[in-house]
Amino acid sequence: MQVKIIDHPLIQHKLSLIRDIKTGPKEFRELLDEISMLMAYEITRDLPLETTEIETPVAKCQCKMLAGKKLGVVPILRAGLGMVNGILRLIPAAKVGHVGLYRDPKTLLPVEYYCKLPPDVAERDFVVIDPMLATGGSSAATIDILKREGARHIKLMCLVAAPEGVLLVNKQHPDVEVYTAAVDEYLNDHGYIVPGLGDAGDRIFGTK
């Protein structure tokens, strides 16, 4: 199982709060926003830098700045929307695409119903975001769609993962790095991550 667990103390603390059944939609959204920003800090460690000269109030100096790498963020609808603002707060120049999927009731396979991506897909590094990596079907399908549209550099970032989901993404997309704050125990008979945090979409938007 190839996965990078982001175990920063602040992330783990906020993850414990967001799991709590007593945490309401307002607090859930705020915590998800904060965790997403902290996780984005970790997954952008390998962004390239270039040296540039600037002038401070005292003197000229050589400084490091991002080397113009184009980034894209792709939330999987609908729960992935809850992670967008935290990432954009850290990387405001990133472009946002959207992928919508539903599960076919007969085949149980994900079916694409919406896809809107930045026009320069091949020139961007993409981060696919979804709070939960459960069976892995939606994440793997979203990565399929991005590759179909020309994306070549993709990472997957989720809050909580099940081993089954990680293994599926590893198998279908061995070139995609998976980042998560926790790998939980297993999926139950209803496809929920255990212990997990329930249905992320319902907890974000206050629906059932």
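A pocket, as the word is used here, is an open set of grid points with protein on both sides within 12 Å along at least five of seven lines, and its lining residues have an atom within 4 Å of a point. With that in hand, let's walk through this predicted model, starting at its largest pocket. That pocket holds about 770 Å³ of space. Its lining is made up of 27 residues, and Arg103, Asp130, Ala134, Ser138 and Asp199 are the ones nearest the centre. Which elements give two or more residues to the lining? They are strand E4 (70–77), E6, strand E9 (132–133), helix H4 (137–148) and H6.

Now bring in the annotation. An unreviewed UniProt entry lists a "binding site" at Arg78, Arg103, Asp130, Pro131, Met132, Leu133, Ala134, Thr135, Gly136, Gly137, Ser138 and Asp199. From this set, the lining of the largest pocket takes in Arg78, Arg103, Asp130, Met132, Leu133, Ala134, Thr135, Gly136, Gly137, Ser138 and Asp199. UniProt also places a "binding site" feature, again from an unreviewed entry, at Ile193, Gly198, Asp199 and Ala200. Here the pocket lining includes Ile193, Gly198, Asp199 and Ala200.

Asp199 turns up in both listings, so let's stop there. You'll find aspartate 199 in the loop that runs between strand E13 (193–194) and helix H6 (200–205). Its relative accessibility is 29%, so it counts as partly exposed, given that the partly exposed class lies between 20% and 50%. Setting aside residues up to four places away in sequence, aspartate 199 touches Arg78 and Tyr192. Its side chain also reaches the backbone nitrogen of aspartate 202, at 2.9 Å.

Step along to alanine 200 and you are in helix H6. Buried or exposed? At 3% relative accessibility, alanine 200 is buried. Beyond the residues up to four places away in sequence, alanine 200 touches Phe28, Ala79, Pro131 and Met132; Pro131 and Met132 also appear in the UniProt listing that begins with Arg78.

Over on strand E9 sits leucine 133. With a relative accessibility of 1%, leucine 133 counts as buried. Leaving out neighbours within four places in sequence, its contacts include Ser139, Leu156, Cys158, Val169 and Ile193. Serine 139 belongs to helix H4 and is buried too, at 3% relative accessibility. Seen from the serine 139 side, again without neighbours within four places, the contacts are Ile76, Leu133, Leu156 and Val169. Leu156 and Val169 therefore touch both leucine 133 and serine 139, contact being heavy atoms within 4.5 Å.

Glycine 137 lies in helix H4 as well. At 18% relative accessibility, glycine 137 still counts as buried, because the cut-off for that class is under 20%. Apart from residues up to four places away in sequence, glycine 137 touches Pro110 and Leu168.

Last stop: the aromatics. How many aromatic pairs does the structure hold? There is 1. The ring centres of tyrosine 102 and tyrosine 113 are 6.4 Å apart and the planes meet at 35°, so the pair is tilted. Tyrosine 102 is in strand E6 (residues 98–103) and tyrosine 113 in strand E7 (residues 110–116), 11 residues apart. Tyrosine 102 is partly exposed at 43% relative accessibility, and tyrosine 113 is partly exposed with a relative accessible area of 48%.

Definitions and conventions. Residues are numbered from 1 along each chain as its sequence is written. This is a predicted model: local features need pLDDT of at least 70, side-chain atom pairs count only at pLDDT 80 or more; totals for chains, interfaces and linings use all residues. Side-chain values use heavy atoms; hydrogens and water are left out. UniProt positions are given in the numbering used here, feature names are shortened, and annotations may be inferred rather than shown by experiment. On a 1 Å grid over the protein atoms alone, a cavity is a set of points where a 1.4 Å probe fits but cannot get out, and a pocket is an open set with protein on both sides within 12 Å along at least five of seven lines; lining residues have an atom within 4 Å of a point. Helices (H or I, at least four residues) and strands (E, at least two) are DSSP runs, numbered from the N terminus. Buried means under 20% relative accessible area, exposed over 50%, partly exposed in between (1.4 Å probe, protein chains only). A polar contact is a pair of N or O atoms within 3.5 Å; within protein, one must be able to donate a hydrogen and the other to accept it, and residues adjacent in sequence count only if both atoms are side-chain atoms. Rings of Phe, Tyr and Trp (its six-membered ring) pair if their centres lie within 6.5 Å; planes under 30 degrees apart count as stacked, over 60 as edge-to-face and the rest as tilted. Grid points are joined across faces, edges and corners, and a volume is the space filled by probe spheres set on the points.
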